[in-house]
Amino acid sequence: MSTSSAVRHSPIATVNPYNNQLVREFPPMSREAVDNAAQNAQHAFQSWRRVGVDERATLVGRAARLLRERGEELAQLVTLEMGKLIGHSRAEMDLSARILQYCADEGPGLLADEPLELDGGSAAVVNDPLGVIVGAQPWNFPVYQVVRFAGPNLVLGNTILLKHASNTPQTALAMERLFTDAGIPQGVYTNLLITGSEVDRVVELDVVRGASLTGSERGGASVGASAGRNMKKSVLELGGSDPFIVLDGDNLDHTVDAAMAGRMHNMGQSCVSAKRMIVMSSAFDRFVTEFAQRMRALQPGDPADEATTLAPLSSERAAEKLSDQVLDALDKGAIAVVGGGRVDRPGAFVQPTVLVGVTPMMRAFHEELFGPVAVVYQVHSDDEAVEVANDSPYGLGGAVFGSDPARARSVARRIDSGMVWINHPTSSEPNLPFGGIKLSGYGRELSSIGFKEFANRKLVVTMPADTPITDALG
Ligand code: NAP
């Protein structure tokens with residue numbers, strides 16, 4: 001059973017997915033207000049770029065401290081707005097504070113000049129900021145996604161127009177407040193309360209020099225096209241359907257623990273969730289039985305209650321979409337070992353579901369399943385495991401579990417994705433690059449690689465004043 005809010009409200013609103021009730025709504029900003037914000041961001045860039053990198057890093061370090069101080073308040077807000085289990089919200093705040101701290105501590109070093117050898121002179125790549133960068137962010141990790149984008153750009157000296165998901169407006173405003181309270185000057189970080197359909201127009205504004213979107217292929221294709229048409233740099237962090245390969249049945253309890261963590265963190269609403277379990281035939285039956293048992297044991301309830309183990313999805317619409325994908329598979333012959341429907345209670349709840357017998361005829365084979373639904377495939381060789389893993393339009397993360405490290409590494413190297421973890425579900429750390437290939441997007445966030453995505457990596461060459469001039473132009 002599900003209920004949707006009967007109230008017609010602004011598209012920018014907090015609707016608690018635990019009961020589908022409207023909590024608070026916000027009018028979208030006018031175009032004039034958005035254009036003013038963009039002009040202010042451009043104006044602020046002229047002074048922010050001249051503030052030394054160490055001072056910018058100090059302010060981002062203050063933001064890290066504030067995030068720790070406000071962690072509980074932010075965690076409660078995230079749980080209210082998108083239904084995350086409170087424990088998972090707290091973990092998000094911890095990782096987010098660590099990311100900002102990493103940006104503060106390591107940013108100046110990562111952005112230092114990079115000397116190059118040159119006969120008769122000296123050369124260096126210097127990392128200059130580009131200017132105003134637009135960041136469109138999703139609701140699934142509404143604090144982590146913001147800091148992953150904003151932390152490096154603030155230290156680098158770019159200014160930010162942040163367009164957050166329409167269903168997490170209060171978290172969006174709380175993040176703007178956090179950066180302002182940390183001392184980031186006016187105009188350097190501005191939250192735009194606008195809908196997704198307005199983003200392309202912002203990307204196309206003359207003052208904007210780059211755009212990053214984390215979210216769906218639809219949003220990514222749109223922002224990527226607008227940026228490309230206007231010769232602006234873009235980074236796209238999109239969806240995934242990550243393989244989770246089980247090579248053998250050794251230590252199976254541990255592997256099933258990892259499968260649960262990989263599939264169920266954030267109720268499966270993570271781009272790097274383990275969405276497709278690919279299990280060697282020798283371990284298949286045991287894996288399915290134990291995994292299904294663990295999924296069946298999850299208990300729905302209030303996500304703000306620490307005892308709850310099954311939270312709602314982020315919205316009624318998300319729950320309906322996932323249920324349609326499951327129904328499509330069941331109609332075409334797949335079997336639900338556990339689950340298969342909605343939970344009979346108000347709110348955006350979907351039953352934890354394990355599907356077997358999924359074939360390419362079914363949406364579940366090709367599409368991203370964004371929620372507590374796993375597909376398990378049986379394979380008979382490492383080659384077949386790699387073939388199934390790579391038979392996906394996505395290429396974000398992946399995991400390989402096995403007791404023989406050389407074999408696991410060999411399989412991992414053959415997976416077409418941006419990240420692969422061995423004997424651990426795909427995860428995120430401040431110093432590790434995050435991003436994908438194929439329909440999962442392009443570019444990276446975090447680490448030394450992500451730090452420079454929106455840098456002008458400018459070559460500066462110094463020759464002695466009396467250097468003979470040659471005409472060796474490229
Ligand atoms: P979404 O609809 O694309 O929303 C993401 C952001 O883009 C929101 O702020 C949204 O605004 C905006 N947006 C929507 N349509 C747009 C358009 N046509 N042009 C420009 N901006 C647009 O994505 P979602 O479905 O909410 O987010 C979940 C997806 O994000 C999943 O596929 C997940 O795998 C992916 N994700 C990827 C990563 C990664 O690092 N690769 C990380 C987290 C999530 P509105 O809210 O106003 O529509």
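Biologist: What makes the pair of arginine 148 and the ligand a polar contact?

Modeller: In this predicted model, a polar side-chain atom of arginine 148 sits 2.7 Å from an oxygen atom of the ligand. The cut-off for a pair of N or O atoms is 3.5 Å, so this pair counts as a polar contact.

Biologist: Which atoms of serine 216 and leucine 238 pass that test?

Modeller: For serine 216, an N or O atom in the side chain is 2.5 Å from an oxygen atom of the ligand. For leucine 238, a backbone N or O atom lies 2.7 Å from a nitrogen atom of the ligand. Both pairs are within 3.5 Å, so both are polar contacts too.

Biologist: How do you know whether the ligand is mostly buried or mostly exposed?

Modeller: We compare two states. Taken alone, the ligand exposes 900 Å², and the protein buries 88% of that. Mostly buried, then!

Biologist: Which elements give two or more residues to the shell around the ligand?

Modeller: They are α5, β8 (208-214) and α8 (217-229). With four residues, α8 has the largest share of that shell.

Biologist: What makes a residue part of the shell around the ligand, and which come nearest?

Modeller: A heavy atom within 4 Å of the ligand is enough. There are 31 such residues, and Trp139, Ser166, Ser216, Leu238 and Glu368 come nearest. By class, the shell holds 12 nonpolar, 14 polar and five charged residues.

Biologist: How do you know which domains the shell around the ligand draws on?

Modeller: Domain 1 (12-238 + 440-459) and domain 2 (242-422) each give at least three residues to the shell.

Biologist: Let's turn to empty space. Why is a space called a cavity rather than a pocket?

Modeller: Rolling a probe the size of a water molecule over the atoms shows where empty space is left. If the probe fits but cannot get out, the space is a cavity, whereas a pocket is open. Three cavities reach 30 Å³ or more here. The largest cavity has a volume of about 80 Å³, so it passes that limit.

Biologist: Which residues are closest to the centre of the largest cavity?

Modeller: Among its 14 lining residues, Asn153, Glu445, Gly450, Glu453 and Phe454 are closest to the centre. Glu counts as charged and Phe as nonpolar, so these residues are of mixed class. The whole lining has seven nonpolar, three polar and four charged residues. The helix α5 gives the most to this lining, five residues, and α15 (447-451) supplies at least two.

Biologist: What about the second largest cavity?

Modeller: Its volume is about 60 Å³. It is lined by 15 residues, and Pro243, Arg276, Ala389, Tyr394 and Gly395 are closest to its centre. The elements β10 (242-246), α13 (382-390) and β15 (394-395) each supply at least two residues of this lining.

Biologist: And how many residues line the second largest pocket?

Modeller: The second largest pocket has a volume of about 450 Å³. It has 23 lining residues, with Phe141, His265, Thr426, Ser427 and Ser428 closest to its centre. The most, five residues, come from α4. By class, the lining of this pocket has nine nonpolar, nine polar and five charged residues.

Biologist: Which domains does the lining of the second largest pocket draw on?

Modeller: At least three of its residues come from each of domain 1 and domain 2, so both domains help to line this pocket.

How values were computed. Residues are numbered from 1 along each chain as its sequence is written. This is a predicted model: local features need pLDDT of at least 70, side-chain atom pairs count only at pLDDT 80 or more; totals for chains, interfaces and linings use all residues. Side-chain values use heavy atoms; hydrogens and water are left out. On a 1 Å grid over the protein atoms alone, a cavity is a set of points where a 1.4 Å probe fits but cannot get out, and a pocket is an open set with protein on both sides within 12 Å along at least five of seven lines; lining residues have an atom within 4 Å of a point. Grid points are joined across faces, edges and corners, and a volume is the space filled by probe spheres set on the points. A polar contact is a pair of N or O atoms within 3.5 Å; within protein, one must be able to donate a hydrogen and the other to accept it, and residues adjacent in sequence count only if both atoms are side-chain atoms. Accessible areas come from the Shrake-Rupley method with a 1.4 Å probe; for residues, only the protein chains shown count as cover.
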